[in-house]
Amino acid sequence: MDLLPRLSCAWCEREHEGSVARCPCGGPLDRVEPLGRVVGSLSGASGAGLSRFSSALGLGEGFVSLGEGGTPLVQEESLGAWLKLEGLNPTGSFKDRGASVVVSYAANWVGASRVVEDSSGNAGAAVAAYAARAGLECVVFSPAHVTDAKRARMEALGADVRVVEGPRSSVTEAAVKEAKREEGTYYASHTYPPFFVEGCSSIAFELVEQVGGVPDAVVTPCAMGSIVLGCFEGFDRLRRGGVIEEVPAIFAVQAAGVDPIAARFGNDVEGENRLADGLLVPEPPRLGQVVDALEASGGCAVSVTEDKTRGAMERLHRRGVLVEASSATALAGGDALRERGLLGRGEEPVLVLTGAWTPG
Ligand SMILES: [Zn+2]
């Protein structure tokens, strides 16, 4: 792969070597030189899944792949929506798109022998799988609300799972500390280095191919904001390349009670939503970037209650679509957007169904 890119902090603008995963100030990192401002064509790509976009994503020799990406887009007329079935990725969620890229980076560019991650389950399983594929050791720090099923899945993939009590930020700090403790360890975070989000931009590339143009809108569950940022970047690169004329409106859906991004858009939904266990991130480090991307796309963020989430999950299950609760927030959020007139009656948004159903 290419030489290590220089990175700069999104908060304090300090520059870092590419092997640094997070700025000491706590900020997330972006490339100093963009990956490529323009994607002029999606045709002529070979391979399947993410590998089809290897030049746009900067993937080189030694890309660690399990065939991620290339997920179906299915029309569901009864729901007035298109469903992007991300649960069909190798470990059951969209996180495989980012994990394949960030673990490739750790193994081939940084030369790490061990990766650490902090996750409530899906990102942890994804990083564990790609670490196993690359022959790296993997430690995942999880918040206390991690479900038994998600923990078991990470452990089955060889991860050393360590539960950290207290706020979500202390789970991150435990991962950062562990990465510093042992030489050859890389913090394969799904938030702080830019690589995970880059992998997620493949969703935008696929949607343009599958729809044959620009979708009416994209509605996605949102915790850290990887899909919002990845999709915006992917669509915007295609727009600059003249492949599409505009970026579609992107809408983020959060869990009531833990909805800092929706709060920036005047969200006033009250209550708690612990059922959406993958979305409980009170302080996403890229919050400002996510808000900017939503605004630039013409979208916004809303949050949904536990009852609405459960109802949406049951409706999807009755249509044969086996998603986890956090994913079903996309459908509940789409309903809320329609009620508020933010989605037109005739519009058929893409709902990004981020992960497969897991018991518990
Ligand atoms: Zn900084």
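The legends below walk through several views of one predicted model.

Residues are numbered from 1 along each chain as its sequence is written. Because this is a predicted model, local features need pLDDT of at least 70 and side-chain atom pairs count only at pLDDT 80 or more, while totals for chains, interfaces and linings use all residues; side-chain values use heavy atoms, with hydrogens and water left out.

**View 1. The whole chain, with 12 helices and 13 strands.** Helices (H or I, at least four residues) and strands (E, at least two) are DSSP runs, numbered from the N terminus. The radius of gyration is 19 Å, close to the 21 Å that the globule rule gives for 360 residues, so the chain is as compact as a globular protein of that length. That radius is taken over C-alpha atoms, and the rule is 2.2 Å times the number of residues to the power 0.38. Along the principal axes, the C-alpha atoms fill a box of roughly 55 × 45 × 40 Å. Of the 360 residues, 59% are buried (under 20% relative accessible area; exposed is over 50% and partly exposed in between, with a 1.4 Å probe and protein chains only).

**View 2. The zinc ion and its four cysteines.** Here Cys9 (SG), Cys12 (SG), Cys23 (SG) and Cys25 (SG) coordinate the zinc ion at 2.2 to 2.3 Å. Donors are N, O and S atoms within 2.8 Å of the metal (3.2 Å for Na, K and Ca); water is not among the atoms, so sites may look incomplete. The angles among the four donor atoms are 105 to 120°, and the site is tetrahedral (four donors with all angles between 85 and 135 degrees). For comparison, ideal angles for four tetrahedral donors are 109.5 degrees.

**View 3. Two of the zinc ligands, Cys12 and Cys23.** Along the sequence, the donor residues follow the spacing C-x2-C-x10-C-x1-C. Cysteine 12 sits in the loop between β1 (7-9) and β2 (15-16), and cysteine 23 in the loop between β2 and β3 (29-31), so the pair ties together parts that are 11 residues apart in sequence. Cysteine 12 is partly exposed, at a relative accessible area of 40%, whereas cysteine 23 is buried, at 1%.

**View 4. An open sheet of three strands.** The order is β2-β1-β3, with antiparallel pairing; two strands pair if DSSP finds at least two bridges between them. Since β2 and β3 stand at the edges with a single partner strand each, one side of each is left without a neighbour in the sheet. Three bridges join β1 to β3, and serine 8 stands opposite aspartate 30 in β3.

Terms used
Four donors count as tetrahedral if all angles lie between 85 and 135 degrees; four count as square planar and six as octahedral if opposite donors are over 155 degrees apart and all others between 65 and 115; anything else is irregular.
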